Amino acid sequence: MRFVWQLVAVAAVAFVGGQGIMATEGEPWLQLLVGVPTAVLAVFVYRWVVGRTERRPVTELALEEAPSALGRGTLIGAALFSAVIVNLFTSGYYDVDGIDSRSGAMGLLGFMAAAATTEELMFRGVLFRIAEERIGTWIALVLTGALFGLSHLLNPNASLWGAAAIAVEAGGMLTAAYVATRSLWLPIGLHFGWNYAASGVFSTEVSGNDTPPGLLDSSMSGPSLLTGGDFGPEGSVYSVLFCVLATITFMWLAHRRGRVLPRRSRAQRAGATATLPR
């Protein structure tokens, strides 16, 4: 039952916050005022429901680790997406004509903070973490990564290739970041940094969501295999390549730190969460 309670609690915050963000569409400052509190509320709801249902300290969201881990994650995510844009720009597929919308960039900050936090709490904090206890790290990574990719088929400009790319690049990299650190702060920061760089800074499409313009007045053209087409640069082979390299790095760190779990028997699962090394 803990799985149901945890998922329902975080999903409820995501749903209410999402409705608030949709209701403020076209009002960037209101989106910022709705999005940031949604992210903060989701964290406290997760800590409360996991603490109540598992009767343990919620170490994966230790508040004292938040500033440094969120900062590192945001920088890594923004740097990875910037590397994708640099490749597109030098290939002549991405162009900037000036500044577009400073207020739009602020609204997207709230939107992406809410999206990154609620999605990480649901997919890495609840789904992956509990699945990993039963079926081990590798199988849980593959299955929840695939589910994360499939969930993006609901987006307006979704495609099978885009969903597959998300499963590999985001499902793999974000889960690996959690496994390497056993903290949700790093994947939350990574997710936010990637998405905000894509939308709030470079004004590109994010996961086929009809994303509003951000800071830069930009345009993109060229083969879909490289630009991602209507799905956005997340459907680019550049994104897949860089995120796979990041996934390999995080899983190498996780292996060195002894944080990759094998599939366990029912008896071995007892107390598995409490004994994970950090």
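With a relative accessible area of 15%, Leu-32 falls under the 20% cut-off and therefore counts as buried. That is a good place to enter this predicted model. Leu-32 belongs to helix H2, and a distant part of the chain comes in beside this residue: Gly-110 is 78 residues away in sequence, yet the two C-alpha atoms are separated by 4.0 Å. Setting aside neighbours within four places in sequence, the contacts of Leu-32 are Pro-37, Met-106, Gly-107, Leu-109 and Gly-110.

**The nonpolar core**

From one residue we can move to the interior as a whole. The largest nonpolar core has 67 residues, and those touching the most other members are Tyr-46, Leu-61, Leu-121, Met-173 and Phe-250. At least two residues of this core come from each of the helices H1 (2-23), H2 (28-54), H3 (66-90), H4 (102-135), H5 (137-151), H6 (160-181), H7 (185-201) and H9 (237-256). H4 has the largest share, with 13 residues.

Met-173 gives a feel for how pieces of the chain meet in this core. Apart from neighbours within four places in sequence, Met-173 is in contact with Leu-80, Val-168, Leu-190, Cys-243, Ala-246, Thr-247 and Phe-250. Phe-250 is itself one of the core residues that touch the most other members.

**Two pockets**

Now for the open spaces. The largest pocket has a volume of about 1200 Å³. Its lining is made of 49 residues, and Ile-21, Phe-111, Ala-115, Glu-119 and Asn-209 are the ones nearest the centre. Two or more lining residues come from each of H1, H2, H4, H5, H6 and H7, and H4 gives the most, twelve residues. H4 thus appears here as well as in the core, where its 13 residues form the largest share.

The second largest pocket holds about 240 Å³ of space. It is lined by 13 residues, with Ala-39, Leu-70, Ala-113, Thr-117 and Ile-188 closest to the centre. H2, H4 and H7 each supply at least two residues of this lining, and here the largest share, five residues, is that of H2.

What classes of residue line each pocket? In the largest pocket there are 24 nonpolar, 19 polar and six charged residues. The lining of the second largest pocket has twelve nonpolar residues, one polar and no charged.

**Four more residues to visit**

Which side chains does Arg-129 reach through polar contacts? This residue of helix H4 makes one of 3.2 Å with the side chain of Tyr-46 and another of 3.0 Å with the side chain of Glu-54. Arg-129 has a relative accessibility of 3%, under the 20% limit, so this charged residue counts as buried. Its partner Tyr-46 is among the core residues that touch the most other members.

Is Thr-204 buried or exposed? Its relative accessible area is 5%, so Thr-204 is buried, although its place is in a loop, the one between H7 and strand S2 (216-220). Leaving out residues up to four places away in sequence, Thr-204 touches Phe-81, Ile-85, Tyr-94, Ala-198, Ser-199, Thr-211 and Pro-233.

Tyr-238 sits in helix H9 and is buried too, because its relative accessibility of 17% is under 20%. Beyond neighbours within four places in sequence, Tyr-238 is in contact with Val-84, Asn-87, Leu-88, Ser-91 and Leu-226. Gly-104, by contrast, is 134 residues from Tyr-238 along the chain, with 26 Å between the C-alpha atoms.

Ser-151, in helix H5, rounds off the visit. Its relative accessibility is 28%, which lies between the 20% and 50% limits, so Ser-151 counts as partly exposed. A polar contact of 3.3 Å links the side chain of Ser-151 to that of His-152. Ala-163 lies twelve residues from Ser-151 in sequence and 7.8 Å away in space, C-alpha to C-alpha.

The C-alpha pairs described above can be set side by side:

| Pair | Separation in sequence | C-alpha distance |
|---|---|---|
| Leu-32 and Gly-110 | 78 residues | 4.0 Å |
| Ser-151 and Ala-163 | twelve residues | 7.8 Å |
| Tyr-238 and Gly-104 | 134 residues | 26 Å |

Conventions: Residues numbered from 1 in each chain as written. Predicted model: local features only at pLDDT ≥ 70, side-chain atom pairs only at ≥ 80, totals over all residues. Heavy atoms only, no water. Core = buried A, V, L, I, M, F, W, Y, C linked by side-chain atoms within 4.5 Å. Buried < 20%, exposed > 50% of the residue type's maximum accessible area, 1.4 Å probe, protein only. Helix = DSSP H or I, 4+ residues; strand = E, 2+ residues; numbered from the N terminus. Contact = heavy atoms within 4.5 Å. 1 Å grid on protein atoms, 1.4 Å probe; cavity = no way out; pocket = protein on both sides within 12 Å on 5 of 7 lines; lining within 4 Å. Points joined across faces, edges and corners; volume = space filled by probe spheres on them. Polar contact = N/O pair within 3.5 Å; in protein donor to acceptor, adjacent residues only side chain to side chain.
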